[in-house]
Amino acid sequence: MTTTTSTAPVPGTAPGVDAGTAGQAARTDALVERLFGSVLAAMDLQAVYLGDRLGYYRALAGAGPLTSTELAARTGTAERYAREWLEQQAVTGLLDAHDDDASRQDPLRRRFSLPWASVEPLTDELSPNFLVPLARFVVGGGKHVDALVQAHRTGGGVSWEQMGADAREAQAAANRPLFLGALGREHLPSIPDVDAALRRGGRVADIGCGFGWSSIGIALAYPEATVDGYDVDGPSIEAARRNAAEAGVADRVRFSVADVAAGTDGGAYDVVAAFECIHDLPDPVTVLREMRRLAGDDGFVLVMDERVAESFGAPGDEIERLMYGYSLLCCLADGMSTQPSVATGTVMRPDTLRRYAREAGFRDVEVLDVADDFFRFYRLVSG
Ligand SMILES: C[S@@+](CC[C@H](N)C(=O)[O-])C[C@H]1O[C@@H](n2cnc3c(N)ncnc32)[C@H](O)[C@@H]1O
């Protein structure tokens with residue numbers, strides 16, 4: 001149910017036709033058009049998922065125009081499927097098709113290329129415009145829809161572990177450009193206390209670090225800092241260790257498998273951070289309490305979570321729609337997979353975090369002046 005209704009007169013309403021009815025009919029038409037567009041968009045995402053998983057985009061990037069036979073040979077796939085994918089991608093506008101008389105006679109001779117405009121969103125893993133992880137998240141989430149239906153009926157959940165590689169890898173890939181880019185270049189330098197602590201070789205605890213890109217990004221931006229990343233998910237920590245070694249920071253970045261709600265053996269950190277994970281936790285208060293302990297009297301406790309609106313409102317903007325989508329597909333069900341659970345979901349409003357922080361013993365929560373379209377940065381203040 002929406003909280004707004006349209007009572008505006010409908011221009012050009014025929015005599016005898018109730019303006020309210022005509023207004024509702026126009027709204028239905030617009031909705032049909034929108035949902036049809038969503039069907040096409042969902043098919044685009046499925047095709048993008050295939051293109052990423054099968055290595056089609058990577059094979060096309062930097063190559064000249066390829067035939068379906070050449071693409072299939074380079075990716076170890078079946079020509080007939082590769083041809084259908086190439087034609088679909090060209091028809092939907094993500095690839096260019098190069099036609100001549102020969103290819104009009106024989107589709108096996110048609111060539112396809114990745115246009116310049118598609119390179120960044122489809123292949124550049126370090127660009128903030130790399131949208132493949134979002135496609136992977138949506139399509140991968142669809143694989144668990146039966147479990148989700150069941151969870152709706154029983155009040156149970158679908159765990160991060162159950163969601164598997166698609167969710168883990170999509171999450172890591174989606175935040176990697178931010179963590180290796182703006183986080184260390186703009187966001188942390190804009191928080192004077194954190195910047196100063198990291199410059200003088202501070203110790204950082206990264207709670208719920210996933211594949212470790214936030215820890216690695218901090219270590220790369222601050223060559224004197226050391227970082228301990230904690231995550232309860234074993235495969236994520238294995239990937240984080242590999243990533244740190246490849247980035248050349250394994251001497252200053254260590255990762256541990258740990259359920260932070262059960263406590264850690266660390267302590268006396270200068271910065272204790274939780275990047276996009278508090279809203280997933282069944283028991284955020286216990287984790288925040290552990291973060292307070294890890295920071296001691298002088299450490300800085302930083303939370304980065306979704307930049308959702310202060311309160312519910314419908315219809316919502318794109319960020320709100322995105323976050324409700326994540327919540328419905330993944331985060332709420334993940335949070336509810338362990339009981340008891342506070343069942344936050346992705347749409348964690350600032351007041352909700354304030355309540356959790358107070359229950360965890362913090363005195364105050366400050367919203368930091370960090371310019372980011374998707375995330376809000378908070379400082380949790382003790383004492
Ligand atoms: C949405 S992911 C965020 C990962 C990473 N911080 C990022 O931004 O890409 C949430 C992470 O929190 C981890 N997590 C959930 N509960 C945890 C707990 N009790 N202790 C440690 N990590 C936990 C999950 O395994 C997952 O990797």
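**Entry 1: α12 and α13**

I began with the handedness of the crossing between α12 and α13 in this predicted model, and I recorded it as right-handed. The helices span residues 213–221 for α12 and 234–247 for α13, and their axes come within 9 Å and cross at roughly 25°. Because angles under 35 degrees count as roughly parallel, I entered α12 and α13 as roughly parallel to each other. I then listed the residues that meet: Trp213, Ile216 and Leu220 from α12, with Asn243, Ala244 and Ala247 from α13. By class, I noted five nonpolar residues and one polar residue in this contact, and no charged one.

**Entry 2: α9 and α12**

I next followed α12 to its packing with α9, where the axes are 9 Å apart and the angle is about 15°. That angle makes α9 roughly parallel to α12. The crossing of α9 and α12 is right-handed. From α9, I found Ala172, Asn175, Arg176, Phe179 and Leu180 in the contact, and from α12, Trp213, Ser214 and Gly217. I classed these residues as four nonpolar, three polar and one charged. Trp213 of α12 thus appears in the contact with α9 and also in the contact with α13.

**Entry 3: α7 and α9**

I turned to the packing of α9 with α7, the helix of residues 132–142. Their axes come within 8 Å and cross at roughly 160°. Since angles over 145 degrees count as roughly antiparallel, I recorded α7 and α9 as roughly antiparallel to each other. For this pair I noted a left-handed crossing. On the α7 side I listed Pro133, Leu134, Arg136, Phe137 and Gly140; these meet Asp166, Ala167, Glu169, Ala170, Ala173 and Ala174 of α9. The contact divides into seven nonpolar residues, one polar residue and three charged residues.

**Entry 4: the ligand shell**

Which residues are closest to the ligand? I counted 22 residues around the ligand and recorded Gly208, Gly210, Asp233, Val260 and Cys277 as the closest. Two elements give two or more residues to this shell, namely α9 (160–180) and β4 (226–231). The greatest contribution is that of α9, with four residues. I therefore entered α9 twice over in this notebook, as a packing partner of α7 and as a contributor to the ligand shell. The classes of the shell are eleven nonpolar, six polar and five charged residues.

**Entry 5: backbone geometry**

Which peptide bonds did I find to be cis? One is the bond from Ala314 to Pro315, with omega near -5°. I placed Pro315 in the loop between β7 (300–306) and α15 (318–335). Another is the bond from Gln339 to Pro340, with omega near 0°. Pro340 lies in the loop between α15 and α16 (350–359). I also looked up Glu276, which has a positive phi, near 45°, although this residue is not glycine. Glu276 is in the loop between β6 (271–275) and α14 (284–295).

**Entry 6: domains**

Finally, I consulted the domain assignment, which divides the protein into domain 1 (54–123) and domain 2 (132–381). Over C-alpha atoms, I noted 38 Å between the centres of domain 1 and domain 2.

Key. Residues numbered from 1 in each chain as written. Predicted model: local features only at pLDDT ≥ 70, side-chain atom pairs only at ≥ 80, totals over all residues. Near = placed C-beta within 6 Å. Nonpolar A, V, L, I, M, F, W, Y, C, P; charged D, E, K, R; others polar. Domains from an automatic or database assignment. Axes fitted to C-alpha atoms, helices over the stretch in contact; angles between N-to-C directions. Parallel < 35°, antiparallel > 145°, perpendicular 65-115°, else oblique. Left-handed = near helix turned anticlockwise from the far one by under 90°. Contact = placed C-beta atoms within 7 Å.
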